[in-house]
Amino acid sequence: MSIARHQAVGAYRRWEPTDFDAEDGAGEAAALPPGAAAPAAPPPPRTEVAASTPPPAPAPEPTLPPDFQLPTAEEIERMHDEMRRAGFDEGRQEGYAAGLEAGRSAGYAEGKAHAEAAAAQLAALADGLDEGLRKLDDEIAEELMALAIEMARRMVKLTLAEHPETILDTVRSALLQLPQGHAQIQLHPDDLALVREHLGEQIAHAGHRLQESDRLQRGECRIDGPGAQVDATLATRWRRVLESIGHERASWQLTDTAPGDIDADTPG
C-alpha cells in the first residue's frame, strides 16, 4: 500500500513534550494520537441561582448641630490642664490613701510592740510585787512571832515577880526528873527561904540539900544529883519552849529595858 505525498504531509506532525502544568483536558488532548477525536467535554455543573435581594440602605450620615463649633487652642489647652490636674489629684489621693494605710500599719505595729513591751514590764512588776508581798508576809509573820515571844517573856517575868511561890512547882518538877535522891538543890537566896518553908520536910526526907546561889535569878533552880543534873534556869526553860515551836533565835535576856519593866536580873 502506498501513501501519497500529500497524505504523508498531512499526517506528519512535530512531536512536542507534554506540558504538565496545563489543564488535565489539554494534556489529554495533546497526548491523543494523530487522527483521534478528542473526547467530549463533561457538561458544566448545574448551579442554582439564588433569589436576588435588594442591597441594604446606606447609613445616614451624622449631622452636626448648627451651633457646633470646634474647640479653640485655648480650650484644648485648658482641657489638657484639667485632665492633668484631675490625674494629679487622683494620684495624690491614691498616694495619700496608700501612705495612710502604710502609716496605719506601721503605727499599729509600733504600738503593738510598745504595748507588748509595756505588758512585759507590767508582768515583771507584778512578779516582783508578788515576791515582795511574800517577803513582806514572811517578815510580818516573823515580827508577829517575835512580838508574841516578847510578850510571853514579859508575862513570865511579871508572873515570877508577882507570884514568887511558882518556884515551888519548879522545884517539884525538877525533882521528878532525878532517878534517885541525895541531890543538891541550888536556889536564889529569896527562893531558898520560900522552898525551905513549904518543902523543907519533904526535901529533907528524900535526902536532898538546899544551897544558896547568887548566880541564879528568882524562879530558877539547878539540881546536881549522883549521875544526873537538872538545869531549871529561865534561859534553859525558855529555849526549850522556843524549840518546841520551831523558833530558836529569841533569847531570854532583854536587849533593852523600858521604864517600869522588870528585868530578869532584878529580884522581885
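**Group meeting: surface patches, strand pairing and salt bridges**

Glu-139 comes out as partly exposed, at a relative accessible area of 45%. I start there, and I should say straight away that this is a predicted model. Glu-139 sits in helix 3, which covers residues 73–162. On the surface, Glu-139 belongs to a patch of negative charge, together with Asp-137, Asp-138 and Glu-143. The 45% matters for that assignment, because patch members need over 30% relative accessible area and no salt bridge.

There is also a nonpolar patch on the surface. Its members are Leu-129, Leu-133, Leu-136, Ile-140, Leu-144, Leu-147 and Met-151, and together they have about 660 Å² of accessible area. Take Leu-144 as one of them. Leu-144 is located in helix 3. Is Leu-144 buried or exposed? Its relative accessibility is 54%, so Leu-144 counts as exposed, the cut-off for that class being over 50%.

Next, the strands. Strand 1, residues 184–187, and strand 3, residues 221–225, run antiparallel and are joined by four bridges. Within strand 3, Ile-223 is the residue that stands opposite Ile-185. Strand 3 also runs antiparallel to strand 4, residues 228–232, and here the bridges number five. For Asp-224, the bridge partner is Gln-229 in strand 4. Strand 3 and strand 4 make a hairpin with two residues between the strands, and in that hairpin Gly-227 has a positive phi near 80°.

Now the salt bridges. How many does the structure hold? The count is 11. I will go through three of them.

The pair I take up first is Asp-81 with Arg-84, whose side chains form a salt bridge at 2.0 Å, N to O. Both residues are in helix 3, and because they are three residues apart there, about one helical turn separates them. Asp-81 is partly exposed, with 27% relative accessible area.

The next pair is Arg-218 and Asp-191, with 2.5 Å between the closest N and O atoms of the salt bridge. Where do the two partners lie? Arg-218 is in the loop between strand 2 (209–212) and strand 3, while Asp-191 is in helix 5, residues 189–205, so this salt bridge ties together parts that are 27 residues apart in sequence. As for accessibility, Arg-218 counts as buried at 15% relative accessibility. Asp-191 is buried as well, with a relative accessible area of 1%. The cut-off that puts these two residues in the buried class is under 20%.

The remaining pair is Arg-239 with Glu-243, where the closest N and O atoms of the salt bridge are 3.9 Å apart. The cut-off for a salt bridge is within 4 Å, so this pair is counted. Arg-239 and Glu-243 are four residues apart in helix 6, residues 234–244, which puts about one helical turn between them. Arg-239 is partly exposed, with a relative accessible area of 43%, and Glu-243 counts as partly exposed at 41%. Back in the other helix, Glu-77, Asp-81 and Arg-84 are joined into one network by salt bridges that share partners.

To recap, helix 3 holds Glu-139, which is part of the negative patch, and helix 3 also holds Leu-144, which is part of the nonpolar patch. Strand 3 pairs antiparallel with strand 1 and with strand 4. Among the salt bridges, the one between Arg-218 and Asp-191 ties the loop between strand 2 and strand 3 to helix 5.

Technical notes:
Residues numbered from 1 in each chain as written. Predicted model: local features only at pLDDT ≥ 70, side-chain atom pairs only at ≥ 80, totals over all residues. Heavy atoms only, no water. Patch = residues over 30% accessible without salt bridge, like charges linked within 9 Å, V, L, I, M, F, W, Y side chains within 5 Å. Areas by Shrake-Rupley, 256 points an atom, 1.4 Å probe, with all protein chains shown as cover. Lys, Arg positive; Asp, Glu negative; His and termini not counted. Charge placed at Lys NZ, Arg CZ, Asp CG, Glu CD. Buried < 20%, exposed > 50% of the residue type's maximum accessible area, 1.4 Å probe, protein only. Pairing = 2+ DSSP bridges.
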